[in-house]
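Thanks for making the time this morning. I would like to walk through one model with you, so please keep the sequence and the structure in view while I talk.

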Amino acid sequence: MVWINLLCYLCIQGLGVVWSRKITDRFVRYSFLIVLVFATPHILISSFLWTEPLFLSIMFFSFYLLDKFHQKNQPKFMVAAIVLLLFLPFIRFAGIFLIFPLLAFLLLTLKNKKVVFVSFLVLLFLISSWVFIFSEGFLGRWERFIQPFLAGRLSHIEFNLSSYSKALSSWFFPYTIDGFVSRLISITLMLIIIYRSSKKYFAQKGNILFLSPLLFLIYFFLMMLVFKVEYYAAERYLSIFYLLIILNIFLQIDYALESIKSVYFKWGVYFIIFIFALYSFLRTIKNVYFWYDLRSESVSSDITLSILAMVS
């Protein structure tokens, strides 16, 4: 599992480097790469034996193939991407909240609707078979999470909104200054990026990278309704969109800089980007040290308990 996590991490980072070439401004592109290298969410999910690294690498590679399809208009890329995407709900249950909205948008926007429609049917068949054969799989999740939601017991919404907004705020602001203002700024920034990127997606007729912020909004909303989570779990769940959201932010900045004439305003934008890259670097260094220190304390505690057990 450690080696699988490492390979998945390299795949995630490698695709981030490939996508960084879409950013034309050199300073913006290099800043994005610094943020990518020191991305706390990626290091977080790759530091433990969870299934997120595998989920994330397959998801990103699928998006890469869909991006290739957009560039070359060859159906083989779309077919391969959708086949890979069909695995996501079986790796992580939350993949349902990603794959169905994604297939819906592809069905609405792509010309070759037959492949997408067949994928809908195949996915429904696979999920139905999974529920029938493994009652503790999707059926167990349904009884634990979805069924209470459908029954109208939405007592977790306020708690989850706090957890998820806090996790989102930590992408842009230090944990120590978390508050209403930082969360409001983060959510406002996300809504702006969702609007501008979605507009770009429909204008370019299918570039999947620009659809990702809208998918993030749907995923965020559905996860908040169904799963009751603490802040640290919320950060894990949202981390699968971190690279795509940051990429869209930097792409929108890159487009904006092309139309800005004022040199002083450009330098102001560069300064903000530098501060964000510096924050990403310092945040990761702090978190890695914290995890190492936490692990050392855990190991010391285990040794102490073993010695006490031997003595007693």
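In this predicted model, the charged end of Lys-200 sits over the ring of Tyr-255, 4.3 Å from its centre; a charge counts as sitting over a ring if NZ of Lys or CZ of Arg is within 6 Å of the ring centre and within 35 degrees of the ring normal. Before I go on, a word on the ground rules: residues are numbered from 1 along each chain as its sequence is written, and side-chain values use heavy atoms, with hydrogens and water left out. Because the model is predicted, local features need pLDDT of at least 70 and side-chain atom pairs count only at pLDDT 80 or more, while totals for chains, interfaces and linings use all residues.

Staying with rings, the count comes to 17 aromatic pairs, where rings of Phe, Tyr and Trp (its six-membered ring) pair if their centres lie within 6.5 Å. One aromatic cluster includes Trp-171, Phe-216, Tyr-219, Phe-220 and Phe-241.

Phe-241 also appears in the largest nonpolar core, which has 83 residues, and there Met-59 and Phe-241 touch the most other members. Helix H12 (residues 208-226) gives the largest share of this core, 13 residues. A nonpolar core here is a set of buried Ala, Val, Leu, Ile, Met, Phe, Trp, Tyr and Cys residues joined through side-chain atoms within 4.5 Å, and buried means under 20% relative accessible area, with exposed over 50% and partly exposed in between, using a 1.4 Å probe and protein chains only. Leaving out residues up to four places away in sequence, Phe-241 touches Met-59, Leu-98, Trp-171, Ser-212, Leu-215, Phe-216 and Tyr-219, contact meaning heavy atoms within 4.5 Å.

Phe-220 lies in helix H12 and counts as buried at 13% relative accessibility. With the same four places left out, Phe-220 touches Tyr-164, Ser-165 and Leu-238, and its C-alpha is 9.8 Å from that of Leu-98, although the two are 122 residues apart in sequence.

Now to two acidic residues, and is each buried or exposed? Asp-67, in helix H4 (residues 52-72), is buried with a relative accessible area of 3%, and beyond its neighbours within four places in sequence it is in contact with Trp-19, Lys-22, Asn-207, Ile-208 and Leu-209. Glu-235, in helix H13 (residues 231-238), is buried at 6% relative accessibility; not counting residues up to four places away, Glu-235 touches Thr-40, Leu-44, Ala-167, Ser-170 and Arg-283.

Why does the structure hold zero disulfides at Cys-8 and Cys-11? A disulfide is a covalent bond between the sulfur atoms of two cysteines, and the cut-off used is a pair of cysteine sulfur atoms within 2.5 Å. The sulfur of Cys-8 has its closest cysteine sulfur in Cys-11, 6.9 Å away, so the two are too far for a bond. Cys-8 is buried at 7% relative accessibility, whereas Cys-11 is partly exposed at 28%.

Finally, the overall picture. The protein has 15 helices and zero strands, these being DSSP runs (H or I, at least four residues, for helices; E, at least two, for strands) numbered from the N terminus. Of its 312 residues, 47% count as buried, and among contacts with a separation of 6 or more, 72% join residues 24 or more positions apart.

Terms used: Phe/Tyr/Trp six-rings, centres within 6.5 Å; stacked < 30°, edge-to-face > 60°.
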